[in-house]
Amino acid sequence: MDYQPRPDDVRFLLNTVLGAPARLQALAPFAEVDEALQSQVLEEAARFVGEVVAPINRQGDEVGCRFDNGEVVSPPGFRAAYQAFVDGGWPALSAATEDGGQGLPSVLEAVLYEWLSAANHGLTMAPGLLHGAYACLKHHGSDELKSRYLQKIATGEWLATMCLTEAHAGSDLGQVRTRAVPQADGSFRVSGSKIFISGGEHDLTPNIVHLVLCRLPDAPAGPKGLSLVLVPKLLPDGARNAVHCERIEEKMGLHGSPTCSMRFDEATGWLVGEAGRGLAAMFVMMNSARLHVALQGIGLLDAAWQKADAYAAERRQMRAPGAVPASRGNEPADLIAEHPAIRRILDTQRAWIDGARTLAYRSALMLDVAAHDADPKARERAQRWCSLVTPVLKAACTHQAFHGASECLQVFGGHGYVREWGIEQVVRDARVTMIYEGTNEIQAIDLLVRKVLPDGGAAMSAVLLELRDTLDASREADADVQRRLAQLRYLGTTIAMSAHANPVLPYEVADDYLRVVMLTMMAWAWARIEASGGTGDAGRARAAAAFRRWVLPEFDMRLGIVKRACEGVALSHAAADGIAR
């Protein structure tokens, strides 16, 4: 079955749980974007994704991209589908109207890209960086670069790439060797090689705008010496730039998206932002990309769950323990959806989908608040949320996408392992999301070492207190979440104290700490869903129960792992202190 978006589920979370319509209309740019308009956008997006994008997913995987003498040929149907995407005005939905965009809220774009990823991850990789490239150029590009490229990117007429990785460096960007030599006319000549460049070459658009991380001749070593240069495939006069695709990778999944090795042979480009401040300029792009990767994870998990749930409602096998005999009729076996083991798998994934969606949509709302709220304190709070929660969502949602999709494959039994049912493609496609845009381990280190510990956990504590204040302690579920929020706040303090004695400790427990944060926030999300009447829906009620029974207990396990690690540091420090005396 092809993926089908479910706008009603999304509307419930946006409108009832998060109060998005009122929150958005309070922001000046969206004063006219009422609930009816938001609903209309979602309905049209769902129709487009379901009718145009989803049906070509399997063919994109089976045929894949073809490399021919430096050129890349997209799978059948991809060019037409992408052109329909552009013609419908969907690329960079939230781009400013003066740049050719529609000026709609970021959260609507977030939902769109979640659905696109669920329906056809390979095709969605093509426009997946438009939002980040647009933001990067909008904030850091010169007026000349903006006039030449910004509208083309905003409308999707031209696609963009993010060229960071080099074969010898991987995620260690401080080792980047690509060089950019300034020219008398203000341009730069860029030379070097990049790997793992999604959409580095393709036939979807005539031009491709490469944002290349590189080093100027007098730049110091390390990440502080990096600059960002815009290098187009086609120069302003229409001539082909010295940008070459040497090959595309043969990958585990994402066969519909070309992952390219690129070579720049004194290619012409122009500086974006200040020299030596390339990471600062690119960070605008990377942070946006990380939230979208989290949404990819949610979408892929939803795609896997939809397939498994539909199969479980049709496939009969054996007698289900506890099933009501009257419901069987004359059938010799029960639906596997009635088997407790299968029910646990399905309801657990649904618990992750709804909980993670609530957090991701709240983050997208905070992007708009941070950009447009008239209150500086509100903007500051929103930016703090995005900074701390983005790495959590990227890591946790992509982890669950792969592992949850694998669980959904289990529902099919042997049928899941063959291509006919499509579930194995979701498992393969989902795996890379745990790696790109910063591996999940890097996300955990970024959260704990770079964002939580430097201020002693004050920023994280402020976020957790804001969540606490949205809860009603008279409700049992809310009181339980408040207790967990307090435990998480104290855990940050405990790690900070232990880190003084053992600076390596935070790197060792970062993954476990991130999981504690995600589970705490998921508990908050489900408390808000239940308080909003969400469990009136039978499927969501089962998911709520599954969350409490099968997901939330991991909180105590992860909390215990981190606490024991900190206690071990304290004991070692005390023993060493005793020996010294």
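1. Let's start with the second largest cavity in this predicted model: about 50 Å³ of space lies inside it. Its walls come from Phe48, Val53, Ala81, Tyr82, Phe85, Leu116, Leu123, Thr124 and Pro127.

2. Which helices help build that wall? At least two lining residues of the second largest cavity come from each of α3 (35-53), α5 (78-87) and α7 (121-124). Helix α5 gives the most, with three residues.

3. Have a look at the chemistry of this lining too. Eight of the residues around the second largest cavity are nonpolar and one is polar, with no charged ones.

4. Now zoom out. The structure has seven cavities of 30 Å³ or more, and the largest has a volume of about 80 Å³. That largest cavity is lined by 15 residues, and Ala126, Leu204, Gly256, Ser257 and Pro258 are the closest to its centre. By class, its lining holds eight nonpolar and seven polar residues, and again no charged ones.

5. Next, a pair of helices to find on screen: α14 (residues 440-452) and α17 (residues 505-531). They pack at an angle of about 95°, and their axes are 8 Å apart. An angle from 65 to 115 degrees counts as roughly perpendicular, so that is what we call α14 relative to α17.

6. Who does the touching? On the α14 side, the contact includes Asn440, Glu441, Ile445, Leu448 and Val452, while α17 brings residues including Pro506, Tyr507, Asp511, Leu514 and Val517. Sorted by class, the residues of this α14–α17 contact come out as 13 nonpolar, two polar and two charged.

Definitions and conventions. Residues are numbered from 1 along each chain as its sequence is written. This is a predicted model: local features need pLDDT of at least 70, side-chain atom pairs count only at pLDDT 80 or more; totals for chains, interfaces and linings use all residues. Side-chain values use heavy atoms; hydrogens and water are left out. Axes are lines fitted to C-alpha atoms, for helices over the stretch in contact, and angles run from 0 to 180 degrees between N-to-C directions. Helices (H or I, at least four residues) and strands (E, at least two) are DSSP runs, numbered from the N terminus. Angles under 35 degrees count as roughly parallel, over 145 as roughly antiparallel, 65 to 115 as roughly perpendicular and the rest as oblique. Contact means heavy atoms within 4.5 Å. Ala, Val, Leu, Ile, Met, Phe, Trp, Tyr, Cys and Pro count as nonpolar, Asp, Glu, Lys and Arg as charged, and the others, Gly among them, as polar. On a 1 Å grid over the protein atoms alone, a cavity is a set of points where a 1.4 Å probe fits but cannot get out, and a pocket is an open set with protein on both sides within 12 Å along at least five of seven lines; lining residues have an atom within 4 Å of a point. Grid points are joined across faces, edges and corners, and a volume is the space filled by probe spheres set on the points.
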